[in-house]
Amino acid sequence: MHAHSHRGLWIGIGVIALLLVAAAVLAGPWIQQLPGTASARSTSLTATRLEPVRGSQSEVLQVLLRSASDQDAVSTYLRQEGFRILHAGLRGRMLVVQADAATIATALRAHLYHWQAKGADGTYVAADATPHLSDDIAARVTAIYGLNRSVHGAPTLPWDPQPFPLSAEQIQTAYHVTPLLSEHVDGRGIRVAIYALGGFDRKYVDNFAGKDTPGYPLDLHVYATDDHGDQRAPYPSTNPCQICINEVLQDIDAVHTMAPGATIDVYEFSPESDFSSFAGNLLEFMDRVAANNDLVASISDTACDQPRSGPGNPGFSVQELDGLDSVFQSDGLNVSIFAGSGDWGAWCPLVTSSESPTKSDLLSGTSFPASDPNVTGVGGTTLILDVLDDHINQELAWDSDFNPLGPLAPLPIGAAASGGGASGYFPRPCWQTGPGVPVGPARMVPDVSADAAIQTGLKIENTGLGWVDVGTGTSLSAPLWAGVAALFDQYARAHHDQLLGNANPLLYRLATTAKNRPLFDVTGGDGRTSDLATPLPQPGWDASTGLGSMNAWTFVHDGASPTYTPPCQTPTPVAPLLGMPWDPSLHQQGFGTVRPEVVNNGGDPTGYFTISWDTWGSGTAIGHGTALWVPAGTPVAAGTTEPALFEAFDLGTCQGKSVYLHLAVWFPQHGQNFDPNDDEASYTLCPP
């Protein structure tokens with residue numbers, strides 16, 4: 001079998017008659033396409049390796065441990081390998097360490113390079129391999145953050161001020177917060193954390209709060225986190241990030257609108273810090289949440305949840321996603337986390353800079369952290385109020401191409417809509433059931449929704465810069481729900497009931513059992529755009545608005561109950577196999593097994609690989625190792641064994657077992673890349 005120099009080599013096993021069958025196989029059941037969604041474009045990106053990072057350059061990494069009891073052993077090991085321990089956090093589960101690039105390369109067998117994503121202007125730093133640890137230490141470490149800094153959370157889209165902004169009082173009335181405030185349920189005693197990206201200054205909000213919420217002065221604390229994990233004064237704002245300022249202002253105002261008595265903690269991360277990746281920032285954010293005992297957290301930035309296709313390429317690693325998931329679900333923190341499901345419909349952003357995404361940054365899929373089962377994903381609606389009493393006249397799925405209040409000016413990406421769909425990574429949690437939830441193995445997003453429309457957003461005043469703006473997008477809807485969670489926790493604490501924690505199990509239970517409608521089922525609106533193809537809204541759960549928007553009074557009173565039952569236990573998915581063997585007369589290896597280290601098709605030497613799998617078990621599996629490189633037109637005997645990258649994909653069923661139906665190998669050093677949507681025919685790993 002020869003490697004063709006113009007593309008990655010598809011490893012064919014089977015007969016020619018299976019070509020059409022294999023070509024017809026799209027994403028496996030793990031990556032569902034809902035009715036009305038667009039056909040998937042590439043769910044991963046590739047990058048070009050540039051110059052190496054200087055060996056003397058100092059680098060900061062975050063090491064997430066499986067438990068706090070592993071801290072001493074891992075600290076001792078890392079010191080012996082030349083690392084300096086800067087900080088221990090997350091109640092013992094995280095170590096922040098420092099070493100130069102040369103030490104990292106020697107200790108972890110991972111060399112740092114500068115990379116450029118395909119079609120992108122900027123560059124980022126990433127390792128060329130998965131980090132290697134001794135077997136004993138590897139068993140104690142969940143993930144190492146900082147070895148791939150490709151992913152930046154996408155901030156909200158920049159909107160111009162619109163003519164119909166809603167005041168805090170109007171939002172409170174519409175979502176039934178007003179009667180709770182009259183009962184003195186206003187969030188007091190509850191701390192709400194907000195994730196913020198650089199350039200923010202306290203002066204921007206010193207005067208704006210209280211105009212719409214008289215009697216409730218803003219209890220705001222702004223922290224910046226340096227590279228040693230220490231809190232200090234906010235970063236200088238001589239050249240502020242305007243998008244970042246807009247983002248955090250609307251987050252603060254949204255939380256303060258719903259829970260005006262709550263304490264708000266803003267944790268600011270500089271785009272230039274050594275943690276300058278979304279995954280590292282989120283880990284440090286949760287460390288600060290734990291340190292200050294915040295009970296609620298709001299995250300508006302977002303990025304695609306599909307794992308990256310090999311070291312160096314853009315995207316999260318499986319280890320990073322699993323590590324953050326384990327932190328989000330920590331019983332010791334018991335934090336209610338709300339995250340916007342994205343402003344891009346059935347697409348998600350994968351940006352390698354801290355700017356708003358363009359169309360070229362959008363991939364088919366769902367957004368993290370909203371897609372994490374331990375986070376409540378919040379979609380968007382268009383909230384139309386009765387002119388007489390500010391109660392809801394109509395609430396529709398948010399879609400910028402469907403505007404009952406009139407046309408909009410052109411948007412930066414052409415259109416915008418509430419994000420949603422089936423996660424490309426996280427499995428379906430056991431509690432995600434009920435009317436409208438489609439059958440399938442994938443986690444569905446969003447869970448709930450709230451106002452996000454450009455024309456009916458929340459009025460924001462920036463007195464520091466002297467302008468008025470309108471908070472919009474799911475970056476608005478997430479902190480609105482976070483504020484309601486603060487009301488819930490205050491009420492529950494006063495009545496000696498269980499705090500909210502992960503809101504999702506309770507939300508899905510209330511959607512099917514509650515008599516007093518704590519959730520308003522949003523079924524109106526187009527819910528999709530010509531560009532973004534968001535699924536249509538429908539009764540029950542839907543991929544535009546989830547279970548619906550909130551009736552805060554009923555949610556707090558009915559949800560905070562001593563009869564609340566603990567959530568079910570989600571079973572661990574069965575690990576898939578690499579295809580199935582097809583010819584017992586051949587000396588085949590690896591097929592029909594989990595994470596095989598040697599794969600041999602029993603034919604010529606081009607079908608023999610050694611593979612170290614970096615990921616396994618999600619929609620794709622990524623590995624690196626060796627294979628025989630044979631240039632086009634060259635005899636197999638003249639081939640050379642060289643480093644190669646591998647991807648097993650198309651998760652499906654073969655002979656009644658869960659398997660990867662395809663395997664690809666490619667040689668980046670020869671200019672090859674992997675494209676999961678390559679139109680050329682491929683073979684299947686499932687015998688006829």
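In what order do the four strands of the open sheet that includes β4 and β8 stand? The order is β4-β5-β3-β8, and the pairing is antiparallel. This tour of a predicted model starts from that sheet, after a brief orientation.

**Orientation**

Display the whole protein chain in cartoon form. Its secondary structure amounts to 12 helices and 33 strands. Colouring by burial would mark 61% of the 688 residues as buried. Of the contacts between residues at least 6 apart in sequence, 72% join residues at least 24 apart.

**Stop 1: the four-stranded sheet**

Select residues 84-89 (β4) and 141-145 (β8), the edges of the sheet. Each edge strand has a single partner strand, so one side of each is left without a neighbour in the sheet. Neighbouring strands here are turned by 25° against each other on average, direction ignored.

Next, add residues 94-100, which are β5. Five bridges join β5 to β4, and the two strands run antiparallel. A88 can be used to check the register: its bridge partner in β5 is L95. The hairpin of β4 and β5 has four residues between the strands, and in this hairpin L90 takes a positive phi near 50°.

Now move to the other edge and select β3, residues 58-65. β3 pairs with β8 over four bridges in the antiparallel sense. L65 finds its bridge partner in V141 of β8.

**Stop 2: helix α9 on the sheet**

Keep β3 and β8 visible and add residues 318-328, helix α9. The helix lies across both strands and runs at about 115° to β8. Is α9 mostly covered or mostly uncovered? It is mostly covered, with nine of its 11 residues buried. The buried residues are V318, E320, L321, G323, L324, D325, S326, V327 and F328; the list includes the acidic residues E320 and D325. To see what covers them, show β3, β8, α8, β15 (336-340), β18 (367-368) and β21 (421-427), against which the buried residues of α9 pack.

**Stop 3: aromatic rings**

Show the side chains of Phe, Tyr and Trp. The structure holds 18 aromatic pairs. One of them is formed by F278 and F316, a tilted pair with 6.3 Å centre to centre and 40° between the planes. The pair links distant parts of the chain, as its members are 38 residues apart: F278 belongs to helix α8 (residues 278-291), whereas F316 sits in the loop between β14 (303-304) and α9. Both F278 and F316 are buried.

From this pair, extend the selection to the cluster of rings that contains it. Ring pairs link Y195, Y223, Y267, F269, F278, F285, F316, F328, F368, Y425 and F426. Within this cluster, F328 is also one of the buried residues of α9.

**Stop 4: strand β9 and its parallel partners**

Select residues 191-197, strand β9, in which six of the seven residues are buried. Which strands should be shown beside it? β12 (residues 263-269) pairs with β9 in the parallel sense over seven bridges. β13 (residues 296-299) is also parallel to β9, with three bridges. V192 is a convenient residue to centre on: its bridge partner in β12 is I264, and it stands opposite V296 in β13.

**Stop 5: the three-stranded sheet**

Return towards the start of the chain numbering and select β2 (47-52) and β7 (124-127), edge strands that each pair on one side only. They belong to an open sheet in the order β2-β6-β7, with antiparallel pairing. The twist averages 45° from one strand to the next. Add β6, residues 112-117, to see the four antiparallel bridges that it forms with β2. T48 has Q116 of β6 as its bridge partner.

**Stop 6: two crossing helices**

Finally, select helix α10 (residues 474-494) and helix α12 (residues 552-559). Their axes come within 9 Å and cross at roughly 40°, and the crossing is right-handed. Show the side chains of W481, V484, L487, F488 and Y491 on α10, together with residues A552, F555, V556, H557 and G559 on α12, which make the contact. What is the character of this contact? Its residues divide into eight nonpolar, two polar and no charged.

Definitions and conventions:
Residues are numbered from 1 along each chain as its sequence is written. This is a predicted model: local features need pLDDT of at least 70, side-chain atom pairs count only at pLDDT 80 or more; totals for chains, interfaces and linings use all residues. Side-chain values use heavy atoms; hydrogens and water are left out. Two strands pair if DSSP finds at least two bridges between them. Axes are lines fitted to C-alpha atoms, for helices over the stretch in contact, and angles run from 0 to 180 degrees between N-to-C directions. Contact means heavy atoms within 4.5 Å. A crossing is left-handed if the near helix is turned anticlockwise from the far one by less than a right angle, and right-handed if clockwise. Ala, Val, Leu, Ile, Met, Phe, Trp, Tyr, Cys and Pro count as nonpolar, Asp, Glu, Lys and Arg as charged, and the others, Gly among them, as polar. Rings of Phe, Tyr and Trp (its six-membered ring) pair if their centres lie within 6.5 Å; planes under 30 degrees apart count as stacked, over 60 as edge-to-face and the rest as tilted. Buried means under 20% relative accessible area, exposed over 50%, partly exposed in between (1.4 Å probe, protein chains only).
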